[in-house]
Amino acid sequence: MSSEILVSKPMRDASTLARPQFDVPAGACDSHVHVFGPAARYPRVAQPHYTLPDGNLPQLESALGALGVERFVIVQPSFYGTDNNCMLDALDQAGPRARGVAMVDDGTGLDELQAMHARGVRALRLDLFLRSGLPTAQLHRFIEQSIERTRPLGWHVQFYTPGWVVRDLIPALPDLASDFVIDHMGYMLESDGLTRADFDRLLRAVHDGKGWFKLSGPYRLAKDGNYARLRPLAQAIVAAVPDRVIWGSDWPHIPEGGRDTGELLNLLGDWIPDAAARSKVLADNPARLFGFEAVP
């Protein structure tokens with residue numbers, strides 16, 4: 001990961017977002033958002049990768065409300081490291097329409113995890129960017145230890161991982177003992193030497209195990225904005241594991257706060273033209289994975 005400090009730009013007003021070009025299903029969920037709070041209240045890590053983003057809970061609620069997305073999952077950002085207080089406070093305010101994904105250190109015990117569970121956390125985010133220099137066997141042990149410590153809670157693990165680390169972990173993925181989520185469609189950047197053959201191997205490993213894919217961060221994969229070239233990957237994912245795919249906007253789109261979240265949602269109309277399949281990705285699948293109550 002680059003050592004350059006990115007400057008976060010102001011958030012786009014919700015009134016300017018593109019509106020959905022398809023019927024958004026009841027209970028639709030944005031399964032990957034981040035929330036930030038005042039610097040005086042929530043301390044950042046010593047060396048963040050970006051400046052404090054313009055992205056608080058009311059802004060998030062306005063953006064998703066404009067798009068008809070009723071639920072969301074707050075993912076702990078690297079900006080706060082393993083201090084989950086901003087995310088937990090946001091969960092308290094948002095109530096049952098929100099869930100959380102935490103990052104913790106090795107000293108976090110079961111009592112603290114149970115307290116997080118009571119406030120809506122349902123997964124651990126494993127930052128393998130930080131550990132990308134470790135041997136693959138050591139990364140595998142870290143993943144298995146994370147699964148074991150959350151087993152009593154029924155949580156899953158979520159990989160925040162460069163694509164080349166995912167590639168190296170492929171042989172171990174089918175045997176993982178819990179659900180696991182691959183962020184950003186695998187994050188297999190061609191600039192990092194990843195190929196379609198690597199992606200297809202990952203697809204098989206996820207299918208054969210308990211893996212899930214998250215359709216998120218398209219601008220991190222197609223840096224030129226040519227999202228059409230991601231269509232074959234998205235459609236291959238949905239065809240392979242239709243009941244284990246979720247969608248996330250990656251709001252507030254660090255560092256580009258002016259990015260159009262509505263445009264990102266509308267990619268699903270192109271990638272998943274079948275309404276029933278799209279409803280699974282937006283509503284049914286995240287409800288099952290994160291334990292949301294059934295929509296009346």
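What covers the buried residues of helix α1? In this predicted model, the cover includes β1 (29-33), β2 (71-75), α2 (85-94) and α9 (261-271). This briefing treats helix α1 and then strand β7, whose five residues are all buried.

**Helix α1**

- Helix α1 spans residues 57-67, and its buried residues are Leu-57, Leu-60, Ala-63, Leu-64 and Leu-67.
- These buried residues lie on the same side of α1, because they cover an arc of only 125 degrees around the axis.
- An α-helix has 3.6 residues a turn, so residues three or four places apart point the same way.
- Just after α1, Gly-68 adopts a positive phi of about 75 degrees.

**Strand β7 and its side chains**

- Strand β7 comprises residues 211-215 and is mostly covered, with five of its five residues buried.
- From β7, Gly-211, Phe-213 and Leu-215 point one way, whereas Trp-212 and Lys-214 point the other way.
- Residues on both sides of β7, including the lysine Lys-214, are buried.

**The neighbours of β7**

- Strand β6 (residues 180-182) runs parallel to β7 and is joined to β7 by three bridges.
- Within this pairing, Val-181 has Trp-212 of β7 as its bridge partner.
- Between β6 and β7 the chain passes through helix α6 (residues 196-208), and this β-α-β crossover is right-handed.
- Strand β8 (residues 245-247) is likewise parallel to β7, and three bridges join the two strands.
- Here the bridge partner of Phe-213 is Val-245 in β8.

Notes
Residues numbered from 1 in each chain as written. Predicted model: local features only at pLDDT ≥ 70, side-chain atom pairs only at ≥ 80, totals over all residues. Heavy atoms only, no water. Buried < 20%, exposed > 50% of the residue type's maximum accessible area, 1.4 Å probe, protein only. Helix = DSSP H or I, 4+ residues; strand = E, 2+ residues; numbered from the N terminus. Pairing = 2+ DSSP bridges. Right-handed = clockwise from strand over helix to strand, strands pointing away. Arc of directions from axis to C-beta. Contact = heavy atoms within 4.5 Å.
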